[in-house]
Amino acid sequence: MRIISGKYKGRRLSPPKNLPVRPTTDMSKEALFNILNNHFSFVELRVLDLFSGTGNISFEFASRGSESITAVDANYGCVAFIKKTALEFDFDITALKSDVFSFLEKSKGEFDIVFADPPYDMKPSDFEKIVDAVFSNELLAPEGMLIVEHSKHTPMNHLPYFSFQKNYGGSCFSFYEWSNSENPEQDV
């Protein structure tokens, strides 16, 4: 796992081997951040990283200058690794050990980017719960974006607020925005 760009571009991170994770590939991560680079200035972003695993996405945002990042994962080892790495690199990342669905129900924050990378084998209805909870609890800023990483076998373009989808091998990123409350079901 490496940081693609920013202050720590090229730095390799070595999470413990026993973590129950499937990190976003470097190719997919680079493509995702190229898309985000066209929509946002990273420095001012408030980021919520759900099912954060190794912190791969959080570290990328931090390296690019984002200073308000919350990483949520239910696994103690993942949270400990994120905290340790954030301290080592002086990243402003708050890592929380919590069930993501409980966190979404209780959170009162507002974020510019909400990124969710749940296990690919999670039930489709649970993927839908993520989108529903982010919008119904108004966790997304008015010009913000929710991104859900999922398998190409999990359809996500039928959900409210869907904006577009990008496919990379067996992985997909589905993007959701307030401005798409009519759900155009488009795939780009």
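## Largest pocket

On a 1 Å grid over the protein atoms alone, a pocket is an open set of points with protein on both sides within 12 Å along at least five of seven lines, whereas a cavity is a set where a 1.4 Å probe fits but cannot get out. A volume is the space filled by probe spheres set on the points, which are joined across faces, edges and corners. This is a predicted model in which local features need pLDDT of at least 70 and side-chain atom pairs count only at pLDDT 80 or more, while totals for chains, interfaces and linings use all residues. Residues are numbered from 1 along each chain as its sequence is written, and side-chain values use heavy atoms, with hydrogens and water left out.

The largest pocket has a volume of about 360 Å³, and 24 residues line it (each with an atom within 4 Å of a point), with Pro-20, Phe-51, Gly-53, Asp-73 and Asp-117 lying nearest its centre. The elements giving two or more residues to this lining are α2 (56–63) and α4 (100–106), where helices (H or I, at least four residues) and strands (E, at least two) are DSSP runs numbered from the N terminus.

## Sheet and packed helices

Seven strands form an open sheet in the order β3-β2-β1-β4-β5-β7-β6, with mixed pairing; two strands pair if DSSP finds at least two bridges between them. Because β3 (93–97) and β6 (162–168) stand at the edges with a single partner strand each, one side of each is left without a neighbour in the sheet.

Strands β4 (residues 111–116) and β5 (residues 140–151) run parallel and are joined by 5 bridges, and Val-114 has Leu-146 in β5 as its bridge partner. Helix α2 packs on the sheet, touching β1 (46–50), β2 (68–73), β3 and β4, and its direction makes about 175° with that of β2; contact means heavy atoms within 4.5 Å, and angles run from 0 to 180 degrees between N-to-C directions of lines fitted to C-alpha atoms, for helices over the stretch in contact. Helix α5 (residues 124–136) lies across β4, β5 and β7 (171–176), running at about 175° to β5.

## The β6–β7 hairpin

β6 and β7 form a hairpin with 2 residues between them, and Gly-169 in the turn has a positive phi of about 65°. The two strands run antiparallel and are joined by 6 bridges, with Phe-175 in β7 as the bridge partner of Phe-164. In β6, 5 of its 7 residues are buried (under 20% relative accessible area, with exposed over 50% and partly exposed in between, using a 1.4 Å probe and protein chains only).
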